[in-house]
Amino acid sequence: MVYGRRGSGPKVEFEGTTPYADYTHIETLLSLQTPRTQSPAEYSFIVATQVMELLFTLLRHEWETARTQLDADDVRAATRTLRRSIGAQDVLISSWQLLATLTPNEFGEFRDAFGEASGFQSYGYRHLEFLLGNKRPGMVCPHAEMPSVVADLEKQLAEPSLDDAAKAAVARRGTSWLEIYSGSKQPDLYELGEVLMEVAERFIRWRQLHLTAVWRVMGDKPGSGGSAGASWLAKTVHDRPFPDLWAVRNEL
Ligand code: HEM
């Protein structure tokens with residue numbers, strides 16, 4: 001069958017692959033979903049995990065950019081970058097919908113097939129925790145045999161967090177979060193504080209949805225990563241990034 005361009009329609013003839021396939025690496029992307037069982041639910045599980053990993057990496061880029069902009073005292077640009085990242089966080093949160101119908105029985109169909117794999121071993125997620133200021137050096141350990149991952153995480157640990165960068169930018173302007181929130185004439189810093197709160201709130205919400213998904217599909221059983229499972233996650237689920245911004249709420 002010969003396909004041709006009709007009227008004002010798009011171009012349909014290309015040599016080799018399409019420019020779209022080249023630009024998006026779609027063939028590579030679509031070759032990466034390799035379920036280990038026949039369970040239909042496993043495909044959703046893999047896609048959900050991969051979508052979240054992509055969004056973790058996107059957020060890392062955005063938050064590192066925002067940190068650089070804060071270091072350069074460009075508060076407006078940093079606020080704009082953080083606002084854009086909130087869109088990615090909203091998609092990240094709604095990605096849980098991909099697992100919204102997963103039952104314990106369906107999870108059980110492929111649970112053994114992934115062995116000791118656990119999101120706990122996600123270095124994309126760990127970068128985000130470190131960037132937000134939740135720096136637990138022990139969390140680098142699972143990657144000990146992956147030198148480039150260790151180097152990258154250790155660099156993140158050594159660098160100022162987004163929280164440090166925001167506080168330093170505020171200090172260089174000769175003020176504090178309390179003054180800013182008490183009506184000082186620094187509206188750009190007030191906006192920065194509020195967008196950081198929006199980031200923090202969404203990050204906590206992702207953790208909460210993760211924990212409720214865990215309760216739903218595996219109860220209080222131990223995790224594949226070797227932890228106690230839900231009770232281990234519950235210890236940190238409400239850790240709040242940017243503690244000074246939350247503390248200011250007590251003073252107003
Ligand atoms: C319903 C499916 C899921 C279940 C039952 C589940 C279960 C668990 C459990 C029990 C842990 C604790 C560590 C362990 O012992 O394994 C954990 C950690 C983790 N999971 Fe999941 N998980 C699910 C889906 C996901 C997805 C889709 C992601 C996205 C990448 C993810 C990311 C993580 C991360 C980042 C951690 C570490 C959290 C931290 O260090 O505080 N999980 N998961």
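The turns below ask how labels in this predicted model are earned.

Me: What rules apply to the numbering and to the atoms used?
Reply: Residues are numbered from 1 along each chain as its sequence is written, and side-chain values use heavy atoms, without hydrogens and water. This is a predicted model, where local features need pLDDT of at least 70 and side-chain atom pairs need pLDDT 80 or more, while totals for chains, interfaces and linings use all residues.

Me: What makes a stretch of the chain a helix, and how many helices are there?
Reply: Helices are DSSP runs of H or I with at least four residues, and strands are runs of E with at least two; both are numbered from the N terminus. By that rule the chain has 12 helices and zero strands. The C-alpha atoms fill a box of roughly 70 × 60 × 35 Å along the principal axes.

Me: Why is His210 called a donor to the iron atom of the ligand?
Reply: Donors are N, O and S atoms within 2.8 Å of the metal (3.2 Å for Na, K and Ca). NE2 of His210 is 2.1 Å from the iron, so it counts. His210 is the single donor from the protein. Water is not among the atoms, so the site may look incomplete. His210 sits in helix α10, residues 187-218.

Me: What makes a residue part of the shell around the ligand?
Reply: One of its heavy atoms must lie within 4 Å of the ligand. 25 residues surround the ligand, and the closest are Ser118, Arg126, His210, Gly225 and Ser227. Helix α10 gives the most, with five residues.

Me: How do you know that Ser118 and Arg126 make polar contacts with the ligand?
Reply: A polar contact is a pair of N or O atoms within 3.5 Å. Within protein, one atom must be able to donate a hydrogen and the other to accept it, and residues adjacent in sequence count only if both atoms are side-chain atoms. A polar side-chain atom of Ser118 is 2.7 Å from a ligand oxygen. For a side-chain N or O atom of Arg126, the distance to a ligand oxygen is 2.6 Å. Both values fall within the limit, so both pairs qualify. A backbone N or O atom of Gly226 also qualifies, at 3.4 Å from a ligand oxygen.

Me: Why is Leu70 called buried?
Reply: Buried means under 20% relative accessible area, exposed means over 50%, and partly exposed lies in between (1.4 Å probe, protein chains only). Leu70 has 0%, so it is buried. Leu70 lies in helix α3. Of the 252 residues of the chain, 38% count as buried.

Me: Which label fits His25, buried or exposed?
Reply: His25 has 52% relative accessibility, over the 50% limit, so His25 is exposed. Its place is the loop between α1 (19-24) and α2 (26-29).

Me: Why is Asp73 called partly exposed?
Reply: Its relative accessible area is 41%, which lies between the two limits, so the label is partly exposed. Asp73 is in the loop between α3 and α4 (75-94).

Me: What makes the phi of His25 and of Asp73 worth a look?
Reply: Most residues other than glycine have a negative phi. Phi of His25 is near 50°, a positive value. Phi of Asp73 is near 60°, also positive.
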